[in-house]
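Colleague: I have some time to go through this one with you now. Could you put it up so that we can talk it over?

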Amino acid sequence: MDTLGLDLSDDSLRGTPLRVAKMYVDEVFSGLNPKNRPEAKLFDNKYGYTEMLVEKDIRVHSFCEHHFVPIIGKAHVAYINSGKVVGLSKLNRIVEHFARRPQVQERMTVQIANELKQALETEDVAVIIDAKHLCVSLRGIEDVTSTTLTSSYNGAFKNVERKEEFLKYVYG
Ligand SMILES: [Zn+2]
């Protein structure tokens with residue numbers, strides 16, 4: 001703010017450094033704090049459900065670690081249970097935990113997949129992230145239409161039919 005010549009004695013700007021610091025630590029980068037890692041309690045699959053479960057259109061609010069501007073998009077995740085199931089909102093919370101830190105989309109995708117594998121005790125996990133990078137749309141090339149798609153297919157999702165089934169649920 002000093003470099004930009006902003007008047008830090010102005011009462012509108014005076015609190016901005018502390019506000020930004022608090023926003024980073026308590027909100028948008030709260031996923032850096034290991035204490036905030038969501039605990040995924042598993043339940044026995046008493047229903048005999050053996051197909052894939054897909055949770056789609058999970059909100060992704062992250063920040064590009066190169067420019068500290070938002071990455072906004074959706075995550076679609078799927079798993080096939082290994083005898084244990086998880087509360088659905090835990091899938092959202094796992095996505096959120098890894099989104100809420102300075103990120104690179106590729107890394108975020110792999111981190112979410114690895115966490116799901118560990119939390120759900122199965123290799124059969126798929127993750128797609130489809131997101132808009134504001135560092136691409138509001139600066140640099142200023143492309144406002146492009147989105148970035150990344151994926152991680154593991155275990156049974158390496159099978160083409162499984163993968164296609166997942167993609168059909170997500171994209172129709
Ligand atoms: Zn960037």
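Colleague: Let's start with Phe-68: is it buried, partly exposed or exposed?

Modeller: Bearing in mind that this is a predicted model, Phe-68 counts as partly exposed, because its relative accessibility is 36%.

Colleague: And where does Phe-68 sit in the hairpin of β2 and β3, and what is its phi?

Modeller: That hairpin has 5 residues between the strands, and Phe-68 takes a positive phi near 55° there. The strands themselves, β2 with residues 52-64 and β3 with residues 70-80, pair in the antiparallel sense over 10 bridges, and Met-52 of the hairpin stands opposite Ile-80 in β3.

Colleague: Which other strand does β2 pair with, and in which sense, parallel or antiparallel?

Modeller: Strand β5, made up of residues 102-103, is joined to β2 by 2 bridges, and the two run parallel. Cys-64 has Gln-103 as its bridge partner in β5.

Colleague: Cys-64 catches my eye, then. Which protein atoms are the donors of the zinc ion?

Modeller: The protein donors are SG of Cys-64, ND1 of His-67 and SG of Cys-135, which lie 2.1 to 2.3 Å from the zinc ion. Along the chain these donors follow the spacing C-x2-H-x67-C.

Colleague: How buried or exposed are Cys-64, Cys-135 and His-67?

Modeller: Cys-64 is buried, because its relative accessible area is 4%, and Cys-135 is buried too, with a relative accessible area of 10%. His-67, on the other hand, counts as partly exposed at 35% relative accessibility, because the range for buried ends at 20%.

Colleague: With cysteines about, how many disulfides do you count?

Modeller: The count comes to 0 disulfides, judged by whether a pair of cysteine sulfur atoms lies within 2.5 Å.

Colleague: Changing topic to the aromatics, how many pairs are there in the whole structure?

Modeller: A search of the whole structure gives 6 aromatic pairs. In one of them, the rings of Tyr-24 and Phe-68 have centres 5.6 Å apart and planes at 85°, so that pair is edge-to-face. It links distant parts of the chain, since Tyr-24 belongs to helix α1 (residues 16-28) and Phe-68 to the loop between β2 and β3, 44 residues apart.

Colleague: How accessible is Tyr-24, and which residues form one aromatic cluster with it?

Modeller: Tyr-24 is partly exposed, with a relative accessible area of 25%, and one aromatic cluster is formed by Tyr-24, Phe-29, Phe-63 and Phe-68.

Colleague: What about Tyr-24 aside, how do the rings of Tyr-153 and Phe-166 lie?

Modeller: Their centres are 6.4 Å apart and their planes stand at 80°, so the pair of Tyr-153 and Phe-166 is edge-to-face. Because Tyr-153 lies in strand β7 (residues 148-153) and Phe-166 in helix α5 (residues 160-171), the pair ties together parts that are 13 residues apart in sequence. Both Tyr-153 and Phe-166 are buried.

Colleague: One last residue, His-97: where is it found?

Modeller: His-97 is found in helix α2, which covers residues 88-99, and it counts as buried because its relative accessibility is 7%.

Colleague: What does the side chain of His-97 make a polar contact with, and what is His-97 in contact with beyond its neighbours within four places in sequence?

Modeller: The side chain of His-97 makes a polar contact, at 3.4 Å, with the side chain of Arg-101. Leaving aside those neighbours within four places in sequence, His-97 is in contact with Gly-31, Asn-33, Asn-36, Arg-37 and Pro-38.

How values were computed. Residues are numbered from 1 along each chain as its sequence is written. This is a predicted model: local features need pLDDT of at least 70, side-chain atom pairs count only at pLDDT 80 or more; totals for chains, interfaces and linings use all residues. Side-chain values use heavy atoms; hydrogens and water are left out. Helices (H or I, at least four residues) and strands (E, at least two) are DSSP runs, numbered from the N terminus. Buried means under 20% relative accessible area, exposed over 50%, partly exposed in between (1.4 Å probe, protein chains only). A polar contact is a pair of N or O atoms within 3.5 Å; within protein, one must be able to donate a hydrogen and the other to accept it, and residues adjacent in sequence count only if both atoms are side-chain atoms. Contact means heavy atoms within 4.5 Å. Donors are N, O and S atoms within 2.8 Å of the metal (3.2 Å for Na, K and Ca); water is not among the atoms, so sites may look incomplete. Two strands pair if DSSP finds at least two bridges between them. Rings of Phe, Tyr and Trp (its six-membered ring) pair if their centres lie within 6.5 Å; planes under 30 degrees apart count as stacked, over 60 as edge-to-face and the rest as tilted.
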